[in-house]
Amino acid sequence: AYMREMANRAKFDQLKFNEFMRYHCNRRTSSNAQAFDMSLWDACAGELSDWRYADAIGYGIDLGGHDDLSAFAAVARFCIGEKDEKPIYRYEGKTWQFMSQETRRNMAEMPWAQWVHDGQVNLSRYASTNLLYTILSEINSTGCIAVGYDPANARQTSEALQQEGIVAASVKQNYSLFNEPICDLMQCIRENRFRHEGKTLLRWAVGNAVLVTGPQGLVMYDKKNSREKIDPVVALTMAFRIASTAPKVASGNLFIS
């Protein structure tokens with residue numbers, strides 16, 4: 001019964017599958033695993049809701065090199081019920097991608113040419129400035145709790161956001177800060193409590209992402225061993241962390257009689 005339970009848990013989770021094969025089947029496995037089951041990801045595609053009714057919206061930024069892909073993401077949280085007096089949430093996410101015209105990539109090749117044509121990649125001379133203006137426009141239209149950023153590569157952008165009165169939250173890309181949002185995001189996807197627009201570039205980045213397990217059993221995206229760019233899914237995970245850790249919205253009568 002125990003082995004059956006462990007096997008069922010491993011069906012849709014590559015990390016648990018690796019653990020099952022290693023610890024229960026005595027087979028050698030890699031420390032890396034594909035982060036997301038793409039069939040489950042595809043099942044979460046659909047039209048997004050009106051974010052004016054979200055109880056929290058978080059943003060995340062992941063800046064690539066000056067001549068490669070950068071991304072920012074937004075995740076909205078909606079309360080759909082309670083269990084044991086705790087709220088149950090579903091989430092919706094979307095991403096924006098930016099590339100400098102000075103990139104070494106051949107943007108005339110597919111699928112990049114199609115992504116530029118579709119507007120999934122915003123190609124401009126000053127990509128980081130364009131990214132900042134887009135963030136400010138989105139925040140003015142939808143609001144947000146905070147913008148998560150990696151202090152290693154987005155400090156200048158965070159300072160510009162703070163000058164506009166926006167909370168910028170440092171989210172270092174390490175095991176301790178990414179393990180929980182990665183695991184929670186994966187669980188929401190498995191339970192169909194996450195929705196995205198079905199954009200092909202984000203799907204490509206999600207499919208590229210692999211996880212590495214640290215010495216304490218914590219997981220983190222492994223950019224070095226991922227097949228290609230994963231900046232959009234990293235930004236999405238930052239935004240998910242901001243939205244998921246936002247305080248519960250107060251409800252009921254706010255006046256004391």
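Author: Helices and strands here are DSSP runs, with at least four residues for a helix and at least two for a strand. Please keep in mind that this is a predicted model.

Reader: Thanks! How many helices and strands does the protein come to?

Author: The secondary structure comes to 9 helices and 10 strands. Of the 257 residues in the protein, 46% are buried. Among contacts between residues at least 6 apart in sequence, 66% join residues at least 24 apart.

Reader: Let's turn to helix packing. At what angle do the axes of helix α7 and helix α9 cross?

Author: The general idea comes first: a packed pair of helices is described by the distance between the axes and by the angle they make. In this model, helix α7 (residues 175-190) and helix α9 (residues 231-244) have axes that come within 9 Å and cross at roughly 90 degrees. That makes α7 roughly perpendicular to α9. By class, their contact has 9 nonpolar, 1 polar and 2 charged residues.

Reader: Which residues of α7 and α9 meet there?

Author: From α7 come Leu177, Phe178, Pro181, Ile182, Asp184, Leu185 and Cys188, and they meet Val234, Thr237, Met238, Phe240 and Arg241 of α9.

Reader: Now the charged side chains. How many salt bridges does the count come to?

Author: For a salt bridge, look for a side-chain nitrogen of Lys or Arg within 4 Å of a carboxyl oxygen of Asp or Glu. By this rule the count comes to 12. A good place to start is Glu92, which forms a salt bridge with Arg90, the closest N and O atoms being 2.7 Å apart. Glu92 also meets Arg195 in a salt bridge, at 3.7 Å from N to O. The pair of Arg195 and Glu92 links distant parts of the chain, since Arg195 lies in strand β8 (residues 194-195) and Glu92 in strand β4 (residues 86-100), 103 residues apart.

Reader: Why does Glu92 count as buried, and why does Arg195 count as partly exposed?

Author: The cut-off for buried is under 20% relative accessible area, and partly exposed runs from there up to 50%. Glu92 has 0% relative accessibility, so Glu92 counts as buried. Arg195 has 30%, so Arg195 counts as partly exposed.

You can try the reading again on Glu191 and Arg193, a salt bridge with closest N and O atoms 2.8 Å apart. Glu191 is partly exposed because its relative accessibility is 42%, while Arg193 is buried because its value is 17%.

Reader: Which residues are linked in a network of salt bridges?

Author: Asp68, Arg105, Glu228, Lys229 and Asp231 are linked in this way. Glu228 and Lys229 also appear among the contacts of Asn208, together with Ser226, Arg227 and Ile230, leaving aside neighbours within four places in sequence. Asn208 itself is in helix α8 (residues 200-208), and it counts as buried because its relative accessibility is 4%.

Reader: One more charged residue, please. Which side chain of opposite charge is nearest to Glu138, and how far away is it?

Author: The nearest is Lys94, 4.2 Å away, and Glu138 is buried yet has no salt bridge. The cut-off explains the reading, because a salt bridge needs the nitrogen and oxygen within 4 Å. Glu138 sits in helix α5 (residues 127-142). Beyond its neighbours within four places in sequence, Glu138 is in contact with Tyr59, Phe72, Lys94, Trp96 and Gly143.

Conventions:
Residues numbered from 1 in each chain as written. Predicted model: local features only at pLDDT ≥ 70, side-chain atom pairs only at ≥ 80, totals over all residues. Heavy atoms only, no water. Buried < 20%, exposed > 50% of the residue type's maximum accessible area, 1.4 Å probe, protein only. Lys, Arg positive; Asp, Glu negative; His and termini not counted. Contact = heavy atoms within 4.5 Å. Axes fitted to C-alpha atoms, helices over the stretch in contact; angles between N-to-C directions. Parallel < 35°, antiparallel > 145°, perpendicular 65-115°, else oblique. Nonpolar A, V, L, I, M, F, W, Y, C, P; charged D, E, K, R; others polar.
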